[in-house]
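Grab the model and work through these short exercises on rings, charges and helix packing. Try each one yourself before reading the solution.

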Amino acid sequence: MPTVYVEGLGNISFPDSMSPQQIEEEINRYVSDENFWVGQNKKPPMAPAAPEMGGLEAFGRGALQSVKDIGYGLQQVGAEAGSAVGLVEPSTVQRLRQEEERRRAENAPFMESGAGKAGYIAGSIGSLLVPGAALARVPGMVGTGARALTAPTTFRAAATGGGLLGAAQPVAEEESRAAGAIMGALGGTVGQAVGRGVSRIAQPVTSAATPQVERAVQRLEQAGVPVDIAERMGSENLRAVRRFLTDNPISASVMKRGAERTQSAFNTAALRLIGEQGEAALPEVLARADDRIGEVMDEIAQNNRIRVDDRMVSELAALEEAASMTLEPEKIVPLRNQLNNILSKVGDDDSISGDAYQRIRTIAADMGRNPALATVAQQLRETIDSALERSAGPDAAAAIRQARRQYRNLKLLEPAVAANATGNISPAALASSTGTARQRSAALYDRGDADMARLARDMRTMAETMPQSGTVPRAGIQAVGAAIPAAGALGYNLYTGQEPAENVLGLGALGAAAMFAPRGAARLYQSPAIQQYLMRGIQSPLARRAMMSRGTRGIATYAPAAGLLSSED
């Protein structure tokens, strides 16, 4: 019969049938039972005071305990599986659960501290990620599965990994392993959202813009026209944000100012193509361009005679033939009179004077005021201007080409100028006026004199493809705006336990902040710094790699699961 000395009790004998572990458990039961000591009329022995544990030690012991717990948990899982098929006694399963209760009591001094919990969380994550990283290098299904669990990219994989971590934790009596698995799966799901959030911080928006859109953006930026970040990135999420801020009455004025800046820049870019500076196509600006272009042509014509070469004659003949096929006979009379006038002014040197050129040009302009002859008159002016360009010297020819190009752009611009006094140029109307066969062809093939057409096409490319009136979003926004202060008030009262009347000022400030938050959001949306961040993300290569690495994704995914599981110990 074994005999054991117990402090405060002396020597105690136990039956031979008891194992050392059972004897130890019996002694512990005696020592922890206060009623036993009262019955013996003795005081329990004083346990020596445990030295105060430092934070680093608590962290280390917590990390070590997390590894031990997974081992204990797997041991329990094995025993439970064996018991289910009759290979292990149910008493063994019960004993293992009872031992877990004792271990938790022993670990309480450091597991109840913040450092101990942090160590436990770190150890739990490491227990999953370190072996997983090693297995991820194995080819085949093993490596694929390990990579999916250590750095999950889907909520399903994250929930699976968290569930496995929870199922591997030891459980005490009256506890459910399924509950731990469910808690781990929930933590993994939350962690996946956190991991995605970390990656989004590093790269908030992934561009979905096509190469065509990117080229349009590049040309507009070269022209000085700012491009909306949502269209630049091709992001539906950013488009939704823009609609929200545009339709919200509180932030609408901020968004409108941004739209006005874009319109002004577009006006400037279009006016630059007619050789003028300005932020609006006002009458004085257009008149100045028309006068300046005419003066250039007249000055060059005064110093040069215009040769009536074979090309000019054939172009005039083709013009008359085309007009006779599309116009009624009486409407062709002014054109034929003008053609005869040109031929009558040809001198012995097969040329016409600058004065004659100016009169022909003036008559052609008058003819163009008749809508039926506008196209014919424009072609006539193009023909004689082209003849002047061929007749002049190199420098004069370059000046004529520029003036002619600006004049064509001016004529394309005229129908696109708003009918009101703002002087704004409509991208849609400009696209329509530049939709002639010649302009369209030049723009489609991206060559030739089609700068105005390309500008209009690029602006139309940046326009939202499916605009909406905003009635439904505005109604929803108004409802949300009205609900925010009420929800804030309810939450604040529940948190503080106060009556609404006791925090009227605080609730008023909260409601005001909620109502005017869209205005601040609109300013952020239009901020150049924020737009650069949305496009390029965090620029530091080291920070970017760290935030988007597999390790960071795994840690962010399983940290919430490990935190939830540590709170159960």
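**Exercise 1.** In this predicted model, find which residue lies over the face of Tyr72, and at what distance from the ring centre.

*Solution.* Start at the ring of Tyr72 and look along its normal: the residue over that face is Arg103, at 3.5 Å from the ring centre. Now try Tyr407, where Arg361 lies over the face, this time at 5.6 Å from the ring centre. An Arg counts here if its CZ is within 6 Å of the ring centre and within 35 degrees of the ring normal.

**Exercise 2.** Count the aromatic pairs, taking ring centres within 6.5 Å as the cut-off.

*Solution.* Apply the rule to the rings of Phe, Tyr and Trp, and the count comes to zero aromatic pairs.

**Exercise 3.** Work out how helix 9 (residues 211–222) and helix 21 (residues 451–462) are arranged.

*Solution.* First, get the geometry: the two axes come within 9 Å and cross at roughly 120°. Next, classify it: helix 9 and helix 21 are therefore oblique to each other. Then check the hand, which is left-handed for this crossing. Finally, list who touches whom: from helix 9 you have Val213, Ala216, Val217, Arg219 and Leu220, and they meet Leu455, Asp458, Met459, Thr461 and Met462 of helix 21. Sorted by class, the contact of helix 9 with helix 21 holds seven nonpolar, one polar and two charged residues.

**Exercise 4.** Do the matching analysis for helix 12 (residues 252–272) against helix 21.

*Solution.* Begin with the axes, which sit 10 Å apart at an angle of about 165°. Angles over 145 degrees count as roughly antiparallel, so helix 12 is roughly antiparallel to helix 21. The crossing of helix 12 and helix 21 is right-handed. On the contact list, helix 12 brings Thr262, Phe266, Ala269 and Ala270, while helix 21 brings Met452, Leu455 and Met459. The class tally for the contact of helix 12 with helix 21 is six nonpolar, one polar and no charged residues.

**Exercise 5.** Which residues of helix 21 turn up in the contact with helix 9 and also in the contact with helix 12?

*Solution.* Lay the two lists side by side: Leu455 and Met459 of helix 21 appear in both.

How values were computed
Residues are numbered from 1 along each chain as its sequence is written. This is a predicted model: local features need pLDDT of at least 70, side-chain atom pairs count only at pLDDT 80 or more; totals for chains, interfaces and linings use all residues. Side-chain values use heavy atoms; hydrogens and water are left out. Axes are lines fitted to C-alpha atoms, for helices over the stretch in contact, and angles run from 0 to 180 degrees between N-to-C directions. Helices (H or I, at least four residues) and strands (E, at least two) are DSSP runs, numbered from the N terminus. Angles under 35 degrees count as roughly parallel, over 145 as roughly antiparallel, 65 to 115 as roughly perpendicular and the rest as oblique. A crossing is left-handed if the near helix is turned anticlockwise from the far one by less than a right angle, and right-handed if clockwise. Contact means heavy atoms within 4.5 Å. Ala, Val, Leu, Ile, Met, Phe, Trp, Tyr, Cys and Pro count as nonpolar, Asp, Glu, Lys and Arg as charged, and the others, Gly among them, as polar. Rings of Phe, Tyr and Trp (its six-membered ring) pair if their centres lie within 6.5 Å; planes under 30 degrees apart count as stacked, over 60 as edge-to-face and the rest as tilted.
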